[in-house]
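Colleague: Could you take me through the pockets and the ligand site of this model? I would like to hear the criteria behind each term.

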Amino acid sequence: MGAALPVLYSFRRCPYAMRARLALAVSGQPYELREVVLRNKPAEMLAASPKATVPVLVLPDGRVLDQSLDIMTWALQWHDPEGWLTADTTIVNALIAANDGPFKYSLDRYKYPNRYAGEHDGDNKAFALTHRSNAAAWLVELEVRLKQNDWLCGPNTSLADMAILPFVRQFAHTDAAWFSAQPWPCLQSWLAGFEGSALYAGVMDKHPAWQPVA
Ligand SMILES: N[C@@H](CCC(=O)N[C@@H](CS)C(=O)NCC(=O)O)C(=O)O
């Protein structure tokens, strides 16, 4: 029998899980993927991480990483062939904090205004559009960066790009026609390059929901 692999509890379309899978894939770290149904999470995952969000990585020695950024860093510290960790960490951390904080906040409200009924007067559309424009203001900042370089932190892919792209992708697909009509050519080609990459295709394989062997 081969050596035990790290186990990743994941959900295909979750942007946090996606960023973890991207880093694991580029690092070449083999792992066992367990696709989770969010409304019916496996007991094994909840036992490892009671906070009950994906992704969760359980290492063969029993250590548990249940923050997507920790999983990315763990994989890349093991092997980082594209130098994702070499960008300026102050800038990387600030970009990721803006993504995971205010951008994600607005993205959720733009995409699912009906889930936030308590925050508005019933006009889902107006609420969504306010949040779309809040989020767009930040995307303009990314566009400015991407005008200077192919990637957010310079000429090479960084942790920031791969941590943020899955969220920008979600934003773009909420209203693809509107997104493609925006004057953001660099951001659009950055996203298109990502969506057309072998790395992206490789982490978007479909897996049936994992079930423990009876
Ligand atoms: N800070 C966490 C956030 C992860 C997260 O919120 N994941 C969502 C899915 S995209 C989740 O599992 N939510 C719990 C649920 O939907 O039951 C991380 O970076 O890993």
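Modeller: Here are the pockets, then the ligand, then the loop beside it.

Modeller: This is a predicted model, in which local features need pLDDT of at least 70 and side-chain atom pairs count only at pLDDT 80 or more, while totals for chains, interfaces and linings use all residues. Residues are numbered from 1 along each chain as its sequence is written, and side-chain values use heavy atoms, with hydrogens and water left out.

Colleague: What makes a set of points a pocket, and which residues lie nearest the centre of the largest pocket?

Modeller: On a 1 Å grid over the protein atoms alone, a pocket is an open set of points with protein on both sides within 12 Å along at least five of seven lines, whereas a cavity is a set where a 1.4 Å probe fits but cannot get out. Lining residues have an atom within 4 Å of a point. By that rule 20 residues line the largest pocket, and Arg13, Cys14, Pro15, Tyr112 and Gln170 lie nearest its centre. Two or more lining residues come from each of helix H1 (15-27), helix H4 (89-111) and helix H6 (159-174), and H6 gives the most, with four.

Colleague: How do you get the volume of the largest pocket?

Modeller: Grid points are joined across faces, edges and corners, and the volume is the space filled by probe spheres set on them. For the largest pocket this comes to about 550 Å³.

Colleague: Why is the largest pocket placed between domain 1 and domain 2?

Modeller: Domain 1 (7-81) and domain 2 (84-198) both contribute lining residues, so the largest pocket lies between them. The bounds come from an automatic or database domain assignment.

Colleague: What is the volume of the second largest pocket, and which helix gives the most to its lining?

Modeller: The second largest pocket holds about 170 Å³, and helix H8 (residues 185-195) gives the most to its lining, with five residues. Helices here are DSSP runs of H or I with at least four residues, and strands are E runs of at least two, numbered from the N terminus.

Colleague: What makes Lys41, Val54 and Ser68 polar contacts of the ligand?

Modeller: A polar contact is a pair of N or O atoms within 3.5 Å. A side-chain N or O atom of Lys41 is 2.4 Å from a ligand oxygen, a polar side-chain atom of Ser68 is 2.6 Å from one, and a polar backbone atom of Val54 is 2.8 Å from one. Each pair meets the cut-off.

Colleague: What is the peptide bond between Val54 and Pro55?

Modeller: That bond is cis, with omega about 0°. Pro55 sits in the loop between helix H2 (43-48) and strand S3 (56-58). Ala52 is also found in the loop between H2 and S3, and its phi is near 65°, a positive value in a residue other than glycine.

Key. A polar contact is a pair of N or O atoms within 3.5 Å; within protein, one must be able to donate a hydrogen and the other to accept it, and residues adjacent in sequence count only if both atoms are side-chain atoms.
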